[in-house]
Structure formats: C-alpha cells, structure tokens
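Me: I would like a close look at one part of this structure, namely its aromatic rings and the way they pair. Please explain it step by step, and then place that part in the wider setting of the chain.

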Amino acid sequence: RVLDGAMDKGVVLQVHRTRFLHHDAQAIHCLAFSTEEDLAVARSDGSIELWRRHEEWYPHGVIPGRRDSSIEVLQWSYKFLYSAGLDGCITHWDADSLQSLCCTDTNGGAIWCMSPSPASTVLAIGCEDGCVHLYDLAKNGTLHFTKKFGHQNGRILSLAWDPDQDIIYTGSIDSTIRRYNVSSGQSDLRITLDDHRGQSTLVWCLQAVGGHTLLSGDSTGKINVWDGLFGTMKQSYEIHLADVLAMVVSKDRKTVFAAGIDQKVVCLKQTMKGNTPEWHHCGEVVAHTHDVRSLALSSEGLLVSGGVDTTFVEYDLDVFKKSKCTTVYPFLSNSHKYQICDPLILHQRQSCVELWRLADCITTPQSTPTSSAKPTPSSSTSVTLARQHCTPICPLRLNLPDAVQQNLVCSATAPDRSVIGLATSDTLWLYQFEEERGAVKLLTSCKTQVTEFVFLSDKQLLLATPGGLLLRGVIERPSEEAVLKLSEFSAVRSERVTKLLLNSSRTTLAVIHNHSFVIIYNLKKTCHFELPKLSLAASMAAFHPSKPLLFLACVNRQIVHLNCETEELGELIAPFEELENGFVHKWGPLIGLAVVECKDHHLLTLASQSHCIYVNLKSLLSQNNRKSAKLGKKRKTSLVHSITWSKLHDQGDVIITPSNTKIYFLAKVKTNELVFGEKHWEDITSDISQPIFRKRYKT
C-alpha cells in the first residue's frame, strides 16, 4: 500500500508476508486467577504464562517449561503460584522473578487436583494413589506436610472444600463422591453414581456452594446438584453432549459456570422457590472450536476459559453471548520468538531455532484495496504493498542437545550471523555458523541463568539475569575451544529484564525492567539515564532507524517517544478512550512495533492479532516537539496529552487495516522494508485432533 495525501507523493512500502513458519499449537491445560487479577495459563509444553488485563490483555511474563513435564493444575496463594502435574511434585514459583523457589515431592504419584482452604491456610492435593494430602501454607509460600487422608480406590480427579465447614469432598474414577472430615481424615459419606455403558463414571469437577449443597460434573455430560449432608440428588441437568471437565462458582455462590468437551460454557443460577433454593440453566456460549479444559473466575467477576484450541476467551457476564466474547490467540507465548538478521529470520521454537531466508522485494508495486475504520477521503493516507511469491528456504535448523529437557528461553544471532546463541533457564550455548557451507559447530557452553541476551558484535554479547543484573560476555579463543568470559555490566535495578533492544548502529541500548522501568545506555560513552516509571506497562518498543528516538507502545494504546541524546520524553499519541468515535475499539494485544522510512517520510507501524496500523510519524513529531519534557534529576515528568487516535484518523494520518489472517509477528528488515508473519487460523489448528461431532440442521 502507498501513503499519499499528507505525504504529497506515493511511497512504496515493501512488505514480506510470510506464512511458511510453523506455529506449534500448545493446548491450555489449566487457568488460575490471583487476588491481583493476574491470570496464570499452563500449556501442554509445560510452560506457564502470566497475563494481565488493562483494556487489552498482555503477557506479563512466561515461565519456560520442560519437555518431560505436564502441568495439570495451578493455584495461587498470596503472591505465590503453585503448579503440579503428572510428575507428582508441587512447584512453588515467585511470580515477580518467575523463578522456582522450591519443589515438593508428594510421594503419591501424579497430582490431578489441588485446592486451598477457604482461609488459604491449608492446601489439599488429590493424587494418583487415591489419597488426599494436606499441606500448611506459610505466608512466605513454603509448604509443610501435615496429614494424609484414608486411602480410596483409584485416583482422585477433583476435590472441593466446603466454605462453611471443615469438610472436603472428592470425586474419583470409580463412580464415587466421598466426604472427608478434615480433623479425623476419614470418609463419613459415600455417593455412588450410575455407571455409563458399562464403564465407571469419572467425576471431573466439584464445587461446594455452602448450605450442604454440592455440584458435580462428570463423564456422562451431567451436572448434578447434591445434598452434601445426606448424599441425595436434588437436581440433575443433562446440558452437555460429553464430559464436563471444569466448573467454577461466583463469589456470592449463586452462579456456576461449567464447560467440557462439547466446547460449551454453560451458566447456572440459583433462585429461591419459597424457602428452597433451586438451580436453573440460564444460558450457554460456544466460543471455542475444541474441548474446553479449564475455567477461571476472578474475584472481580472476570470469567475466562481455555482449552485444546490454544486460545483463551474472556466473557461478558452482563451479556452472556458469543458476540460479547474476546478471544486472545497464543502468539505472544515464549514458545515462538523472531529476530531479523537481514536477509534471514531467526525463528525460535520450543526446542530448536530455524533460519529462513527472505526473498528480495520486487520494485514494481501492485495496488491492493485499502480498508479502514471508516471511509477515508481521497486525500487521506492510503497504502500500497509490493508483492512477490517465492519458495521459502531454510539454511539451518539447530536443535538443543538430546539430553536437555528444558525449553528454550531466548535466542539471538550476531550481526554478521557468524555466531548463534541458544539459552535455556540454566545454560547458554554458542554455535559458529558458516552460512556459505551451511555448517555449524559448538563454540562453547556456559552454566548461567539468562532471561534475555543480545549480541553487540560477533565477539561480545550482553546477558540479563533473573535478578535484573546485566552481564557482558566476551568470546575468547585461546585454543581450538572458545571460552565465554562474563563480567558485570550494570546493576541499576533488581527487577526482571523483559526486553533488551539495540538501535541500528548498536551504540544505544534500551533495557526494560518489568515492562515499566526503562534505562537507556550509551555504549560509546559508557553512561546511562533512567526514565520515570511508566504509568502502564510497555508492551512493545522500537528504535527509529536513523534518529536517536525510542518509541514505546503501552497497553492503553498510548505511544511515547524518547530522544536518547537530549533525554526529552514526549507523548506522541494519547491513551485510547472509549468515547472516541469512528475508530476500531477492539485490536487485541499488540504483536509488534516497527519504524520505517520511505524516502523522506516516516511510518510507525503496529500490528495486533487482527489489524495492521500505519501512522504518519513525520507530522506527529513536528506537532509534539513543543510538548516534550526534559528529564530532571529526580526523573519525574508529567506528559501533556497530545493528539487522540480518533483525531489522528480524521486527519488522515493513520490507517487501520483489518486482516483476514492472524498476524503473529511484525519486524523491520531494512529502512523501508517490513516483514509480517501471518497464518489462517485453520492452518494452525489443523494439527489438533478433531473436536466432538456436533449435529447440525439438515445434516
């Protein structure tokens, strides 16, 4: 597309649209909300993602998993996160540093369920050995084993604490629900369900809502309401077509949501018939294409579901309809990262990296239709892209050693592509790559904890540790075997480093700690300065290709720019407001940010999972020069709100283009060249097993 109107002349923006990169589909196993509304998402590759929401969802951090682990349950207590799975261990995580604090072996086999007491002082674990294990929860997050209940036949699939009494209910694979007295550890009630077609009924989920009322979901697709005092059935709903896998209850205990294999999320509400409470089916939503494995409901009433189709969906509880749902796609997970080393793309996957060669862009543009948030006048900004089809080439695929079970945390390549680095949570490998021959050999490996790293040259690199420390690494070759010597580079902040970013000349380094603290390092003068803390998290950042400017995109769509020489900070575009008219309200999380130059014009390009946004940067910078503020010694400044997104759109300085594919990355290749990674969602989910057959009209 070509930018006209505000730019006087048509300018060709060369764009690579890649669909050949493979995106591994990682199913969601479980979800959990913290008291601070952080959402933990466990995937099938063993990784845990931490998401936060402010107008749009954004990933706060990712805990890389292991290839030999499977997480089946997540639970928050205070600010600590606990995960457990088929290995029979409970792992205690620090949500700030994303590091494991301790690992406790239950000695009971695989862990299938976990639930804290109403006061969050005791953690109950349901294990493969048919026993309930109790652990005391200390305020520092440590676990202390206290008791193991009496044995029952078969694994425990679900458990629930009674909110009013010292009672635990368990659901098993032998068609039974048992009630345990926590003080004695003995079962004093057993409820037996009917077998289904000669097979035991699996009780997948339980919820106790008080008043001796218990709800269960099982493998027959039924939701049953039980009298927890006498063990009799009060009500039964056969709403689902197959297994009910997940169930959550609202804070007031009067609303229950259930989901399962048939992709439906069902709402049940409690009403009073005289003095007798009754439950009624109040609605259902099908927002997933495959099995829904988990539900999570926050204390503020935010409902989220996730499952086999790799997405998680947010529901509007006021209007419980599919049209009001928000789907978040898995394109910001740690399993896939991308780096441009022109003309190659470094694609990081779960346990390997791939190098793909980009084709040369043709010089003759082919016009394509432009769509926008609303019809644009003929003098407004428009865009034209040059197109070319080519066969993708993969010169290198580099795997982790077979003995390594951890997933990749980060990867990078030297500017001349002669050295490639791979890092897991505890080891860094450096490989020498001869591009002409396609040969690769191991230079050295180093035992060190790394969260991010970048190459300054083919012999120097900067590494960030989990504690926010920056290390300088120098590759020395005193003999045939290379040695990596590490020394401290900077220790300004102790927060986790979430991004390391170098400008095109590799003389300025931007370090973002915890998405909020930005430090700029001048690598030539060996000095630095720090920005004031951002009011909201910076989801994306990019340097200008020819000017000393850094652009930050916050989660509220505020765009901030910083002059790295004069230390002036200014607001380029004001935060998005819901009252803005004529503007696309739903972008989804930002996937990428890049700045390109087309002749004398500058474009700020943003991409979300469903939209491409092109901003005329030249006119914006001239309007905002007078609003920039010099950072003082106390590093505090108040940004005056500048132009809004809707006003920018009315001026013709921005185009928002919806995409018929899902965009999963955006990067700058050259000064006037971009690369988009995109795929049809059906291509990504084609590797997933087929969902349950749903009968449709006239079929």
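Reply: A residue is called buried here when its relative accessible area is under 20%, exposed when that area is over 50%, and partly exposed in between. With this scale in hand, and keeping in mind that the model is predicted, we can turn to the rings. Phe257 has a relative accessibility of 4%, so Phe257 counts as buried.

How many aromatic pairs does a search of the whole structure find? The search gives 16 of them. In one of these pairs, the ring centres of Phe257 and Phe320 are 5.7 Å apart and the ring planes stand at 50°, which is why the pair is described as tilted. Phe257 belongs to strand 23, which covers residues 255-260, while Phe320 sits in the loop between strand 28 (312-315) and strand 29 (326-328), so this pair ties together parts that are 63 residues apart in sequence. Phe320, with a relative accessibility of 18%, also counts as buried, because that value lies under the 20% limit.

A second pair can be read in the same manner. Phe331 and Tyr664 are again tilted, with 6.1 Å from centre to centre and 50° between the planes. Phe331 is placed in the loop between strand 29 and strand 30, whereas Tyr664 is part of strand 56 (residues 662-670), so here the pair ties together parts that are 333 residues apart in sequence. Is each partner buried or exposed? Phe331 has a relative accessibility of 5% and therefore counts as buried, and Tyr664 is buried as well, with a relative accessible area of 2%. These two residues also belong to one aromatic cluster, whose members are Tyr329, Phe331, Tyr338, Tyr664, Phe665 and Trp681.

Strand 29, which borders the loops of both Phe320 and Phe331, leads us to a sheet. This is an open sheet of four strands in the order 26-27-28-29, and its pairing is antiparallel. Strand 26 (292-297) and strand 29 are its edge strands, each of them pairing on one side only. On average, neighbouring strands in this sheet are turned by 20° against each other when direction is ignored. Five bridges hold the antiparallel pairing of strand 26 with strand 27, the latter covering residues 303-307, and in that pairing Ala296 has Val304 of strand 27 as its bridge partner.

Strand 30 also borders the loop of Phe331, and following the chain beyond strand 30 brings us to an unusual peptide bond. As background, most residues other than glycine have a negative phi, and most peptide bonds are trans. The bond joining Asp342 and Pro343, however, is cis, with an omega of about 5°. Pro343 has its place in the loop between strand 30 (337-341) and strand 31 (344-348).

Two serines elsewhere have a positive phi, and comparing their surroundings is a useful exercise in reading accessibility. Phi of Ser120 is near 55°, and this residue is found in the loop between strand 10 (111-116) and strand 11 (122-127). Ser175 has a positive phi of about 65° and is found in the loop between strand 15 (167-172) and strand 16 (176-181). Ser120 counts as partly exposed because its relative accessibility is 28%, whereas Ser175, at 2%, counts as buried.

Finally, we can step back to the chain as a whole. The protein chain contains three helices and 57 strands. Buried residues make up 59% of its 699 residues, and the chain exposes about 29,500 Å², of which carbon and sulfur atoms supply 47%. Among contacts with a separation of 6 or more, 51% are between residues 24 or more positions apart. The two ring pairs described above, tying together parts 63 and 333 residues apart, can be read alongside that figure. Disulfides come to a count of zero. For Cys102, the closest cysteine sulfur is that of Cys103, and the two sulfurs are 7.5 Å apart, so the distance is too far for a bond.

Definitions and conventions. Residues are numbered from 1 along each chain as its sequence is written. This is a predicted model: local features need pLDDT of at least 70, side-chain atom pairs count only at pLDDT 80 or more; totals for chains, interfaces and linings use all residues. Side-chain values use heavy atoms; hydrogens and water are left out. Helices (H or I, at least four residues) and strands (E, at least two) are DSSP runs, numbered from the N terminus. Buried means under 20% relative accessible area, exposed over 50%, partly exposed in between (1.4 Å probe, protein chains only). Contact means heavy atoms within 4.5 Å. Accessible areas come from the Shrake-Rupley method with a 1.4 Å probe; for residues, only the protein chains shown count as cover. A disulfide is a pair of cysteine sulfur atoms within 2.5 Å. Rings of Phe, Tyr and Trp (its six-membered ring) pair if their centres lie within 6.5 Å; planes under 30 degrees apart count as stacked, over 60 as edge-to-face and the rest as tilted. Two strands pair if DSSP finds at least two bridges between them. Axes are lines fitted to C-alpha atoms, for helices over the stretch in contact, and angles run from 0 to 180 degrees between N-to-C directions.
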